[in-house]
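User: Hi! I have a complex open on my screen and would like to talk it through. Could you walk me round it?

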Amino acid sequence: MDPEIAKTQEERKKMEEELASLNSLTFDRDLYGGGDRDGYVTSIAVNDEDEANDAMDNEVVRKMASYTAPRSLLKEMPSGGDEDDNSLGFQKPAKIIDREDEYRRRRLQRVISPERHDAFAAGEKTPDPSVRTYAEVMREEALKREKEETMRAIAKKKKEEEEAAKEGGGAAAAAPVPKRRNRWDQSQDDGGAAAKKTKTQSDWDLPDATPGIGRWDATPTPGRMGDATPSLARRNRWDETPTPGRLADSDATPAGGATPGATPAGTTWDATPKGLATPTPKKQRSRWDETPATMGSATPMAGATPAAAYTPGVTPVGGVELATPTPGAINLRGPMTPEQYNLLRWEKDIEDRNRPLTDEELDAMFPQEGYKILEPPASYVPIRTPARKLLATPTPLGTPLYSIPEENRGQQFDVPKEAPGGLPFMKPEDYQYFGALLNEDNEEELSPEEQKERKIMKLLLKVKNGTPPQRKTALRQLTDKAREFGAGPLFNRILPLLMQPTLEDQERHLLVKVIDRVLYKLDELVRPYVHKILVVIEPLLIDEDYYARVEGREIISNLSKAAGLATMIAAMRPDIDNIDEYVRNTTARAFSVVASALGIPALLPFLKAVCQSKKSWQARHTGIKIVQQIAILIGCAVLPHLRSLVEIIEHGLNDENQKVRTITALSLAALAEASAPYGIESFDSVLKPLWKGIRSHRGKVLAAFLKAIGFIIPLMDAIYASYYTKEVMIILIREFQSPDEEMKKIVLKVVKQCVSTEGVEAAYIRSDILPEFFRNFWVRRMALDRRNYRQLVETTVEIANKVGVADIVGRIVEDLKDESEPYRRMVMETIEKVVTNLGASDIDARLEELLIDGILYAFQEQTSDDANVMLNGFGAVVNALGQRVKPYLPQICGTIKWRLNNKSAKVRQQAADLISRIAVVMKQCGEEQLMGHLGVVLYEYLGEEYPEVLGSILGALKAIVNVIGMTKMTPPIKDLLPRLTPILKNRHEKVQENCIDLVGRIADRGAEFVPAREWMRICFELLEMLKAHKKGIRRATVNTFGYIAKAIGPQDVLATLLNNLKVQERQNRVCTTVAIAIVAETCSPFTVLPALMNEYRVPELNVQNGVLKSLSFLFEYIGEMGKDYIYAVTPLLEDALMDRDLVHRQTAASAVKHMALGVAGLGCEDALVHLMNYVWPNIFETSPHVINAVTEAIEGMRVALGAAVVLNYCLQGLFHPARKVREVYWKIYNSLYIGAQDALVAAYPILEDEQSNTYSRPELMMFI
Amino acid sequence: MQASDRFNINSQLEHLQAKYVGTGHADLNRFEWAVNIQRDSYASYVGHYPVLAYFAIAENESIGRERYNFMQKMLLPCGLPPEREDD
């Protein structure tokens, strides 16, 4: 098995290499999204379940962190907890890291840098040697870069040497295949490198490790991941096929995987030699037969060398006392609990069985002959990790006997210690940050600095984990005392928390909020910490969550306002040519935010310098990328600076580095997109290089250039656009054939942009573009990818807008009968859009025939249920053709009828939907008989049991009834309606909606065909429908009440409705009151009011309120007509406004409001003043609804009676001795004032002058 | 105030009203209110051309002069604020 796999793998690798060398396309991250191909797994896992690369990520493992057991047992653990929780609706808060891709996770590799020198604060002083200055940072960066280059050179040289060795022939056979990373050649390589590099053992000696960020200057942040280089993190699953010799691999150790702090399995044995493999040949112990180390051999724990703490484990490792105690660690600490004791005994047992076989045992096992003892290869170096040695489980000697364990009351079990002093619950991962809070030290003994730290920690913990009130006060305290705490202590506590790998969205949001508030307070004090903050905040800019991105932008913009441009540039400049693409990417984005915060002009000189950097292409690349990001971020606001931005980046088009050329083109595209449709003159200088570039470039650079051109052409005048389009079209047509998906998408987009500009003629498109376009793009494969599909449809529709329907539809109509369904769907969608846009007048008889034929075929042959593409297409075409479909209608109806009878519900539903779409056209064609026939067929299917289908059938019936009218309808209305009555009981929304619409339609237009008794029956059903959730249904129902009342007279309907007021359910009553008001409106109020007012005499709260509410709605609906009824209802309202019940007064007040607004200016002031006197005493109510209604009633009075009258009511209380009274009166006065300020001038009281102050208004006394 | 009231529109009403210049509150004194009244009046005179013309005829001044005078008076319509009694 093993050699076979190895062989295939080798072959594949070879093939891939060949492909890579043949194919000049190497993918660029900038162009093709952030996916890093190195991160992909190139082979399929051998085991079914994918082992989590990161032990901490694995939920079960994490939960069981304190238990150890063989892996087989662990796997049997029911892991259903999560799914159960989710299915029950308890969603766990999502960790950010879980949804991040590999690229985004690189944020955790960044280092929170030490604070920097603040030149502003220091003034002329020479900076303290302990703080880092800008120069130092720049030097470090340069050093890093140099190292990287050296490493690359070394790698290159090595490769060359290997190749040379291969060519050497004989020697190559002996040398191990370099790509195969097993430990033999690993150590060999190590040896080689060591020899060359004077024995410096550090991680970048690994043969194919891309050196990450240098470690020497790393401030060890607790949660920080090791710098796993992608190549290391990538796990080659073939390598771990259990070959007999490797069984004892640390991978396979039971405890290794389960120990929380363990380095993820994948990297252990690939990487162990690094740094730790100091050969100390003391005891020749073969690596294979290493004891399955219980202590997760590589776990950095007490005694681990510093290097070990940064093993490229992706696992964040904490300090010793923070890691969940594993037996070994416990053992070092003190007395054991019985569980631990048992665990140890059990481990010991396992170990006994798995201990290395001695030579004697082996001799006893194997026959003496036929076996040979092999020497280990000369290059084999066993691992002798000091860390591992130290941590090897100190097992009790011999099989331990049971001894009564000492009782230890101070022992912590797995239960978290209660946090003292009302602090919120601490999660296990919080211990490393907030653990200190648990030590109940005496606060007085601490130094002031420590006390401050403690205070900050407490507040942060409250913000992070506390209840909302706790959080709020803590946040306020942090903000208020920010300057007192000082920037250093604050950020040193906050920022590591944000780097915590287990952070959740909510927590991050809260912490970011803290930073924002604190920033505001600290202002210029943040300067030394700018870079620190940026390291933490920048990743937010590329988060997939929109709100996180917005938050990130906000923080950075506030930060730049607080720190100033100079500091921001000084902090970010070193990152611009960082060796890590991730850092450069996020820095570019951050810079664009700075630009938008401080203004582009301020940043221009700097950008210019960066974009022209001679030192490194990375700097130029990032500089140009900043311009791109600025364009994306601020959109059309780039226009004033467009020319200078273009000038800054234009030279990048001819840069020697391919990546720089690409990003320049992309930036130009972004600028052109942002400034559209203006600003073409700013792009003059880049036109030539762009158009020249498309001739000389290939692959992704060409794609980027084309993209830029695609965005620039629409800005041009017609003549130029036409000229340049012709120029670029040659290249585009050539690239039509490109196999690259991204290139295809870009080409399609550019074609769309070119074609839609004014200057491009239809004839040119027809002759030059169409043939190739259809030959290359209208193929089945394009329909399979969603984005291709969409882009192709859009482009084709755009072309059709230029060349007309016939050309396009003529070319693709045959494909409606293609055998691939997705392709047919794409054709149909295009035809639908084209025909909807442009109509069907271009389509000749022959094409029309083909089209209908094809559509019928495609409609009938569809199998997939999704989307209504076919249905929409059919409807659009039939509607566009109008009367021309007459000859085909019998055939179409035949199809529909046949499909209405189909077994599949979906098919039936579609057929019914189709009827409702084409009903209007059928009428135009004069096919009333056919429609009548369809009506009967649909009528027969009213027994349909699928609600979705039934709803569609009702919809189709409605469409037919609408078109042919009540009299001609077959089946006759008097037969149809009784069939609908029981359907009204159906609770399905779609059925309800369609049914009520149909019934309402009949009640409106053809009520006379149905006996009154049937309508009464329907009224009862309708009452139930008033409860529907959907507003549309309730509204349709209420309207239907109106129609029915009109048809059969209001008395009976009203009786039903008034009875309904007695029911308990509130919503039902509310809907009934609305219905009563509608009935009153449609049948004139005088038919309803007497009965309604009579109902008020029923001594029942609900009924009386219902009556009042009906009155309120009634006066709202009848408006001016109310003037005839106001005197009739006034006594009733008087009574209601004096009622003890609040709701009475509230509803009556709202009735008064509607009444007043309705009769304003119609001479009913006497009645209104009378009512106002009843309303006014209610102004002191406190219940929100009541006071609201009362205020609104007074507002209504202001409109009807004038502001002066209301002001006079107000004046009594504006200066009342009781504040409570004054408050209320001023509130009323204010709304009066806002509503009618000018009108009050004439009505203000006359104030007497006082000593030095004049209050009188003599002007008003003037008289001619 | 109940917890439920804290967030409804009524509680915000006062805040909303306070955004307009010229609205009052329970602690407004006679002087402040009078200033508002005066300013509103002058603004109204200036805003209604017929009223302005009427005053102009009555005072035998040009309309422009009247307008200017009214606008000037809006600065300190009631004179300097009185000394507060409590401090």
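Analyst: Happy to, and we can go from the overall picture down to single residues. Keep in mind that this is a predicted model.

User: Good to know. What scores does the predictor give the complex?

Analyst: The complex gets an ipTM of 0.93 and a pTM of 0.61.

User: And what does chain B average in pLDDT?

Analyst: Chain B averages a pLDDT of 84, and 83% of its residues score at least 70. Within chain B, H4(B) has the highest confidence, with a mean of 95, while H1(B) has the lowest, at 70.

User: Where in chain B does pLDDT stay under 50?

Analyst: Over residues 1–6 of chain B, and the model has 5 contacts for that stretch beyond four places in sequence. Where pLDDT is low, the coordinates should not be read in detail.

User: OK, over to chain A. How many helices and strands are there?

Analyst: Chain A has 61 helices and 0 strands. Of its 1264 residues, 40% are buried. If you take the contacts in chain A between residues at least 6 apart in sequence, 76% of them join residues at least 24 apart.

User: How many residues does each chain bring to the contact between them?

Analyst: Chain B brings 27 residues and chain A brings 26. On the chain B side, the elements giving two or more residues are helix H1 (9–18), helix H2 (30–47) and helix H3 (49–59). H2(B) has the largest share, with 8 residues.

User: What's the chemistry of that chain B side, in nonpolar, polar and charged residues?

Analyst: The side of chain B that touches chain A has 13 nonpolar, 11 polar and 3 charged residues.

User: Now the cores. Which residues have the most contacts inside the largest nonpolar one?

Analyst: Ala708(A) and Val1079(A), in a core of 275 residues. Setting aside neighbours within four places in sequence, Val1079(A) is in contact with several residues, including Phe1041(A), Ala1045(A), Leu1054(A) and Val1088(A). Another core, of 6 residues, lies apart from the largest one and has Trp33(B), Ala34(B), Val35(B) and Ile37(B) among its members.

User: Let me zoom in on H41(A). How far does that helix reach?

Analyst: H41(A) runs over residues 845–861, and its 17 residues reach 24 Å from first C-alpha to last, close to the 24 Å expected at 1.5 Å a residue.

User: Which of its residues are buried?

Analyst: The buried residues of H41(A) are Leu851(A), Ile852(A), Gly854(A), Ile855(A), Ala858(A) and Phe859(A).

User: Why do they end up on the same side?

Analyst: They are on the same side of H41(A) because they cover an arc of only 170 degrees around the axis. As general background, an α-helix has 3.6 residues a turn, so residues three or four places apart point the same way.

User: What covers them, and what sits on the face turned away?

Analyst: The cover includes helix H39 (805–812), helix H40 (821–838) and helix H42 (869–881) of chain A. The face turned away from the buried side carries the exposed residues Ala845(A), Arg846(A) and Gln860(A).

User: Changing topic: which peptide bonds to proline should I look at?

Analyst: Two cis ones. The bond from Ala676(A) to Pro677(A) is cis, with omega near 0 degrees, and Pro677(A) sits in the loop between helix H32 (658–675) and helix H33 (684–696) of chain A. The bond from Thr970(A) to Pro971(A) is also cis, with omega near -10 degrees; Pro971(A) is in the loop between helix H46 (947–968) and helix H47 (973–983) of chain A.

User: And where is phi positive in a residue other than glycine?

Analyst: Ser1084(A) has phi near 70 degrees, and Asn60(B) has phi near 55 degrees. Ser1084(A) is in the loop between helix H52 (1066–1082) and helix H53 (1089–1095) of chain A. Asn60(B) is in the loop between H3 and helix H4 (63–73) of chain B.

User: Is Asn60(B) buried or exposed?

Analyst: Asn60(B) is exposed, because just 6 other C-beta atoms lie within 10 Å. Ser1084(A) counts as partly exposed, with 14 C-beta neighbours inside 10 Å.

User: Last one: what does Gln909(A) touch?

Analyst: Not counting residues up to four places away in sequence, Gln909(A) touches Glu948(A), Val949(A) and Ser952(A). Gln909(A) lies in helix H44 (residues 905–924) of chain A and counts as buried, with 25 C-beta neighbours inside 10 Å.

Note on methods. Residues are numbered from 1 along each chain as its sequence is written. Chains are lettered from A and ligands numbered from 1 in the order in which they are written. This is a predicted model: local features need pLDDT of at least 70, side-chain atom pairs count only at pLDDT 80 or more; totals for chains, interfaces and linings use all residues. Two residues are in contact if their C-beta atoms, placed from the backbone, lie within 7 Å. Helices (H or I, at least four residues) and strands (E, at least two) are DSSP runs, numbered from the N terminus. Ala, Val, Leu, Ile, Met, Phe, Trp, Tyr, Cys and Pro count as nonpolar, Asp, Glu, Lys and Arg as charged, and the others, Gly among them, as polar. The expected span of a helix is 1.5 Å times one less than its number of residues. A residue is buried if 20 or more other C-beta atoms lie within 10 Å of its own, exposed if 12 or fewer, and partly exposed in between; C-beta atoms are placed from the backbone. The arc is that of the directions from the helix axis to the C-beta atoms. A nonpolar core is a set of buried Ala, Val, Leu, Ile, Met, Phe, Trp, Tyr and Cys residues joined through C-beta atoms within 7 Å. pLDDT is the predictor's confidence in each residue, from 0 to 100.
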